[in-house]
Number of protein chains: 2
Amino acid sequence: MVSTAPVKPAESRRDRHRRELVDQLCDEARSQLAKGGAGSVTWRGLARSVGMSPASLYTYFEGLDALFTELILRSYGALSAATAAAAEAFAEDSPGDRILLGPLAYRHWALDHRAEFNLIFTDQLPGYSAEPGGETVDAQMAIFRPMTEAVSVALGTDVSEPGQQSDDALQHSIGIWGLFHGLVSLEVNHHLDWLEAREVFEGRLRWALEAIGLPPARPGLAAAFYEWVEGNNQKRCPLD
Amino acid sequence: MVSTAPVKPAESRRDRHRRELVDQLCDEARSQLAKGGAGSVTWRGLARSVGMSPASLYTYFEGLDALFTELILRSYGALSAATAAAAEAFAEDSPGDRILLGPLAYRHWALDHRAEFNLIFTDQLPGYSAEPGGETVDAQMAIFRPMTEAVSVALGTDVSEPGQQSDDALQHSIGIWGLFHGLVSLEVNHHLDWLEAREVFEGRLRWALEAIGLPPARPGLAAAFYEWVEGNNQKRCPLD
């Protein structure tokens, strides 16, 4: 029998070169951004860093905005991947446990990637604006939607079609997101240095999730999460 | 009778000149920051903008960090003043009303001053760090403390000394702050453009304040607040 499955062609030398150069440009821009702020990332400087002329950089990106969009997408992707990995590692846990895991993983990734977290969520690129309805909006929804669905399921809403949720579940999800995003954002930017932010975070999230009627997460869940994170060879969260 | 009250000396010409120049430098730095990001604010550029040599700028600020600290303090001051003015205008309202007013005023100021809001709450100045326990920390506390006290009073805690609160009131205040800060911060940076952010904000805050056991705010409070804001000749919130 002859297979009809499409065969993925091996990556050509030229494609590989392109992919590697785009990676290198992103890494370089991310490191300049972290060191010197958005204003220090220039087209000319990037070209120099990879030994190219400014004109030939246009082969890879349409301009600085396109490069920043790519950077933001990659950071969104890394944040999604971090929360998805936690969900997968604890897939056997109760719905209540799994809903608390999302915020725990979000916070952990953010503290380990402060500049990228701020890049995603705070407008700091002068003149940069994400295309309305564009890729970065989809990337944001990819993070937000699984939570809404989990809250819908935990609230006992009939979710027969993917993406469906009750208005109650949507409102509560936005509130929960606002709460953990706010606490993480304050902690990442050193506004909670005066308190035991890790304990307060868990306590406030447990309070809010139970107040909207979700089943409580088991007592040792956060400890199990931190153990998993360390065993997973991820960097330790600097404030833990 | 001879008055023994100290007479405030009239501001000397030299002091007035100094004050005006410091104001001018702050305005210039704030506008460069909003236009070109943190990386575009330079010592040399600021000196040029006020027609001075870089060396003589040191008469007014110890360096860029000191200037940024001053900018952040002024923004904190403006945010505090906005919430205090709302509290004063509705001083006759119930405790439940007054607790909802803080977040409403916080959100309104932030939407009208997006760059300043991000300047206060997001680290975007490369290499800049606020002095631990320094003035900006005090400025943050000046915003946070009145809320904790209001929550303490509304929860019926005995607050016999100023600054006193129960641990419960502190935990709940941090949660409420996290919630409204998170929602405001997402809205300011265009992450909630897909929903009716103003209604969702009020709804989530009312839900949370009632869930911690506070008396509900009256139904028309938000409408009364927006009316007061407009009558007060403040700029309309761009998303309202």
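Helices, taken here as DSSP runs of H or I that hold at least four residues, and strands, taken as runs of E that hold at least two, are numbered from the N terminus. On this basis chain A of the structure, which is a predicted model, contains 9 helices and 0 strands, and the order of elements read along its sequence is α-α-α-α-α-α-α-α-α. Of the 240 residues in chain A, 47% count as buried, while the accessible surface of this chain amounts to about 12,000 Å², with 51% of that surface belonging to carbon and sulfur atoms. Among the contacts in chain A with a separation of 6 or more, 66% are made by residues that lie 24 or more positions apart.

The contact between the two chains was examined next. The size of an interface is often given as the accessible area lost when the parts come together. For chain A and chain B the area buried between them is about 3,300 Å², and 65% of it lies on carbon and sulfur atoms. In chain A, the residues that lose the most area to chain B are His191(A), Trp194(A) and Trp207(A), which together provide 16% of what that side buries. The contact draws on 41 residues from chain A and 41 residues from chain B. Between the chains, 13 residue pairs are in polar contact, with both residues at pLDDT 80 or more, whereas the count of salt bridges is 0.

On the side of chain A that touches chain B, two or more residues are given by each of the elements α1 (13-36), α5 (114-121), α6 (135-154), α7 (167-188) and α8 (197-211) of chain A. The largest share of this side, 14 residues, comes from α7(A). By residue class, the side of chain A that touches chain B divides into 21 nonpolar, 17 polar and 3 charged residues.

Within this contact, Gln171(A) belongs to helix α7 of chain A and touches Val200(B) and Arg204(B), when residues up to four places away in sequence are not counted. Gln171(A) counts as buried because its relative accessible area, 18%, falls under 20%. The C-alpha atoms of Gln171(A) and Thr148(A), two residues that stand 23 residues apart along the chain, are separated by 9.0 Å.

From the other chain, Trp194(B) is placed in the loop between α8 (167-188) and α9 (197-211) of chain B. Without counting residues up to four places away in sequence, Trp194(B) touches Gln140(A), Met141(A), Phe144(A), Leu170(A) and Ile174(A). The side chain of Trp194(B) also reaches the backbone oxygen of His191(B), at 2.9 Å. With a relative accessible area of 36%, Trp194(B) is partly exposed, since the values that count as partly exposed lie between 20% and 50%.

A backbone feature was noted at His190 in each chain. His190(A), in the loop between α7 and α8 of chain A, has a phi near 65 degrees, which is a positive value in a residue other than glycine, and at 41% relative accessibility His190(A) counts as partly exposed. In chain B, His190(B) is found in the loop between α8 and α9; phi of His190(B) is near 65 degrees, again a positive value in a residue other than glycine, and His190(B) counts as partly exposed at 41% relative accessibility.

Terms used: Residues numbered from 1 in each chain as written. Chains lettered and ligands numbered in written order. Predicted model: local features only at pLDDT ≥ 70, side-chain atom pairs only at ≥ 80, totals over all residues. Heavy atoms only, no water. Contact = heavy atoms within 4.5 Å. Buried area = accessible area lost by both parts, 1.4 Å probe. Salt bridge = Lys/Arg side-chain N within 4 Å of Asp/Glu carboxyl O. Polar contact = N/O pair within 3.5 Å; in protein donor to acceptor, adjacent residues only side chain to side chain. Nonpolar A, V, L, I, M, F, W, Y, C, P; charged D, E, K, R; others polar. Buried < 20%, exposed > 50% of the residue type's maximum accessible area, 1.4 Å probe, protein only. Areas by Shrake-Rupley, 256 points an atom, 1.4 Å probe, with all protein chains shown as cover.
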